[in-house]
Amino acid sequence: MSVPSNLPVWQELHAHHAAIADLHLRDLFAADPARFARFSRHFGDLLVDFSKHRITDETLRLLTELAYQAQVPEWTARLFSGEMINHTERRAVLHVALRNRGNRSIFVNGEDVMPEVNAVLEHMRKFADQIRRGKWRGHTGKRIRDVVNIGIGGSDLGPKMVCEALEPYGDPTLRMHFVSNVDGAHISHVLADCDPESTLFIIASKTFTTQETMTNAHTARAWLVRELGDEAAVARHFVAVSTNAEGVRKFGIDTANMFEFWDWVGGRYSLWSAIGLPIMVYLGMEHFIELLEGAHAMDEHFRSAPLQDNLPVILALLGVWYIDFFGASSQVTLVYDDYLRSLPDYLQQLDMESNGKSIDREGQAVSVKTGPILWGGLGNNGQHAFYQLLHQGTHLVPADFLAPAHSPNPVGDHHPILLANCLAQAEALMVGKTEAQARAELEKQGLSGEALEKLLPYKIFPGNRPSTSLFYRRMTPQVLGALLALYEHKVFVQGVIWNINSFDQWGVELGKQLANAILPELKGERPADGHDASTQGLIEFCRAAQ
Ligand code: F6P
């Protein structure tokens, strides 16, 4: 594998960028009535429109060539065949096996993982069924009504986001809660809202050592035992999802009630595994399988479609185009679908924990910019908050717009209004408003002379701000599965192009180590020393206030 900037096409892309950087999307659309048709693709119920990007046919040709020269097809084959491509952790990367609905054998260290994958799915199905049918009851015989998932990062964001996104498919008699933050306020609020006799806790942690999760889990356990007055109650109210059977046993959960997954499933890629247990409990097996099927369909597309028509590859290349050639450092996800309110948080972990890297696969400092700062939120709310910067600020921020054509809540004109806003924002970012248009508008309002000239510069919108629109007929488990797999593979392809390992996360370790050292100092068990003056001063401030 080579340094991306040494690839022959990298220099060609620089030259091409210089040639087209001043072209305006407004003019590209005006010159080519077929632009939308050429630069958009359908995938099942999903429409991906990337025509509002600062590209020409030649850009796409060169970017596709970049994918070839970076050996994207070869790396894709290595991913799907279970090779140890997470080299720093010496692990295969096989979230695709979890949704391998064709059941094709996939081998890790010479062993087919599919029988185990299917066995855990069956274990999850039986358990979810028992909860949903009221067969699994609490210690005092009450039916389970509240399900509290305790986990953080990948053991929280995926299941939380999917349960919210597919709420119309969920069991309305179940209330789903997700506790992640070690701030005692989080678990206290949730516990205050739950009846211990009818609450199930799912302790979700790949390692079963994560400080925040274990602290919340112990607090929940103490609360349950205190409220029900019996240690034995734990068996009916706690289950675990983990790769660490020993840790689960030590916590006091019977390993018969542990749902297993494997070290070849990365935390941020784990919602398809047993980490998806809250999803299956809430939606039922059938919908969970549909979610897997949607992702599998995207996997098959990614594995087999030619690069120029391959959706994850196209989105990845567009990202690289802006980051490395336009110098854009951020990317925004704008959801016009209230059910997807947690998608930006989920994508933030997926993208930033995967590609927030500066050392390449050969252990050398990278020579190009890698993963973007990913952020976002509900588009309609953002319009009245941060969109000002998107329209007239000094940063180029490529945007993803997501919206359902059909709403499951057809209340009055709400949905057409929502969609009109989404379409208008993408259009406004792209076309902008010229000086002549702004002038004409001001004149129409009766302004002239100095007053007009003074106001005019503020009324101009530069436009030429790119976006992808990801529209779907309606949100279904299949659509969501395909959408999430699309983003996962986009992140993978970008990692391949930048020659980085998208599947480790060493950058989260230092803070954990230092927090462990500071904790006894904060609690007064040891004098605070060895810190810089700032950290020392802050520790002393906290201690004095205790
Ligand atoms: O600290 C980062 C991280 O390891 C993430 O990668 C992971 O999703 C999260 O913590 C939770 O880890 P675990 O599932 O082991 O508790």
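Arg-99 is buried (under 20% relative accessible area, with exposed meaning over 50% and partly exposed in between; 1.4 Å probe, protein chains only), its own relative accessible area being 0%. The model is a predicted one, in which local features need pLDDT of at least 70 and side-chain atom pairs count only at pLDDT 80 or more, while totals for chains, interfaces and linings use all residues. Residues are numbered from 1 along each chain as its sequence is written, and side-chain values use heavy atoms, with hydrogens and water left out.

The partner of Arg-99 is Asp-299, and the two form a salt bridge whose closest N and O atoms are 2.8 Å apart. A salt bridge here is a side-chain nitrogen of Lys or Arg within 4 Å of a carboxyl oxygen of Asp or Glu. This pair links distant parts of the chain, 200 residues apart: Asp-299 sits in helix H14 (residues 285-304), and Arg-99 in the loop between helix H6 (95-98) and strand E3 (107-108). Helices (H or I, at least four residues) and strands (E, at least two) are DSSP runs, numbered from the N terminus. Asp-299 is buried as well, with a relative accessible area of 1%.

A second buried pair is made by Lys-490 and Asp-351, whose side chains meet in a salt bridge at 3.6 Å, N to O. Here too, distant parts of the chain are linked, with Lys-490 in helix H22 (residues 477-498) and Asp-351 in helix H16 (residues 343-355), 139 residues apart. Salt bridges that share partners also join Glu-122, Arg-125, Asp-129 and Arg-133 into one network. Over the whole structure, the search finds 34 salt bridges. As a friendly reminder, side chains of opposite charge can pair when their charged atoms come close.

Helix H12 (residues 245-251) offers a local example, holding both Glu-246 and Arg-249, three residues apart, or about one turn of the helix. Their salt bridge has its closest N and O atoms 3.1 Å apart. Glu-246 counts as partly exposed at 40% relative accessibility, and Arg-249 is partly exposed too, with a relative accessible area of 46%.

Arg-249 also appears among the contacts (heavy atoms within 4.5 Å) of Thr-255, which touches Ala-245, Val-248 and Arg-249 when neighbours within four places in sequence are left aside. Thr-255 belongs to the loop between H12 and strand E9 (258-260) and is partly exposed, with a relative accessible area of 28%. From C-alpha to C-alpha, Thr-255 and Asn-244 are 10.0 Å apart in space and 11 residues apart in sequence.
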